[in-house]
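Visitor: Could you take me on a close look at a single part of this model? I'd enjoy a connected walk through one spot and what surrounds it.

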Amino acid sequence: MCCLIAEFGDKLIIGKFCAIASGTQFIMGHANHRMSSVTTYPFHVFGGAWEDNTPPHLSQLPFKGDIVVGNDVWIGRGSVIMPGVTIGDGAIIAAHSVVAKDVEPYTIVGGNPIRLIKKRFDHQMTQLLLKLRWWDLEPEKLLEILPLLCSPDLEEVKKELSRMLGDTQG
């Protein structure tokens with residue numbers, strides 16, 4: 001997991017095994033503008049008397065919170081991730097999307113603003129994957145189950161994961 005802290009106090013937290021395409025932008029909180037007054041312009045940037053005659057800028061910005069990108073997330077080229085959103089484990093963000101709201105685990109979203117395109121898997125498979133948390137396995141165990149994780153036979157994967165995890169619904 002990677003965590004970067006911006007000057008505004010919000011964090012960018014990125015999980016393991018993520019694929020983030022070129023041109024992706026993470027917009028942090030300090031990129032916001034004051035909206036509680038007549039003007040949104042940050043006059044304080046001129047310094048001197050300009051700064052002296054305006055209230056403290058950072059304290060007036062809307063604070064949206066951290067950006068959290070789960071594990072095994074794929075973010076397509078040129079996407080923009082806005083402050084305060086959480087992208088769930090296994091999600092896919094289509095290229096050139098604007099993510100201004102949370103994304104559920106194992107869903108595919110796209111557009112500006114994003115909309116649900118489809119769920120990657122049925123509910124049972126999603127729950128099994130979230131329970132497995134393969135990204136937290138020791139490297140030796142992960143190496144051992146890679147053929148299962150990369151298999152296109154999703155029904156067989158579901159059966160094997162159910163067996164491995166002791167899931168009685170599988």
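Guide: Happy to. Val103 has a relative accessible area of 4% in this predicted model, so it counts as buried, the cut-off being under 20%. Along the chain, Val103 belongs to the loop that joins strand E10 (98-99) to strand E11 (107-110). Leaving aside residues up to four places away in sequence, Val103 touches Thr86, Ile87, Gly88, Ala91, Ile93, Val109 and Ile114. Another pair to look at is Val103 and Gly70: they are 33 residues apart along the chain, and their C-alpha atoms are separated by 9.8 Å.

From the loop, step back to E10. This strand belongs to an open sheet of three strands, in the order E4-E7-E10 and with parallel pairing. E10 is an edge strand there, as is strand E4 (25-26), and each of them pairs on one side only. E4 pairs with strand E7 (residues 80-81) through two bridges, in the parallel sense, and Phe26 stands opposite Ile81 in E7.

Farther along the sequence there is a helix pair to visit. The axes of helix H2 (residues 123-132) and helix H4 (residues 154-165) come within 10 Å and cross at roughly 45°, which means that H2 is oblique to H4. Their crossing is left-handed. On the H2 side, the residues that meet H4 include Leu128, Leu129 and Leu132, while those of H4 include Val157, Leu161 and Leu165. By class, the contact of H2 with H4 has nine nonpolar, two polar and two charged residues.

How values were computed:
Residues numbered from 1 in each chain as written. Predicted model: local features only at pLDDT ≥ 70, side-chain atom pairs only at ≥ 80, totals over all residues. Heavy atoms only, no water. Axes fitted to C-alpha atoms, helices over the stretch in contact; angles between N-to-C directions. Helix = DSSP H or I, 4+ residues; strand = E, 2+ residues; numbered from the N terminus. Parallel < 35°, antiparallel > 145°, perpendicular 65-115°, else oblique. Left-handed = near helix turned anticlockwise from the far one by under 90°. Contact = heavy atoms within 4.5 Å. Nonpolar A, V, L, I, M, F, W, Y, C, P; charged D, E, K, R; others polar. Buried < 20%, exposed > 50% of the residue type's maximum accessible area, 1.4 Å probe, protein only. Pairing = 2+ DSSP bridges.
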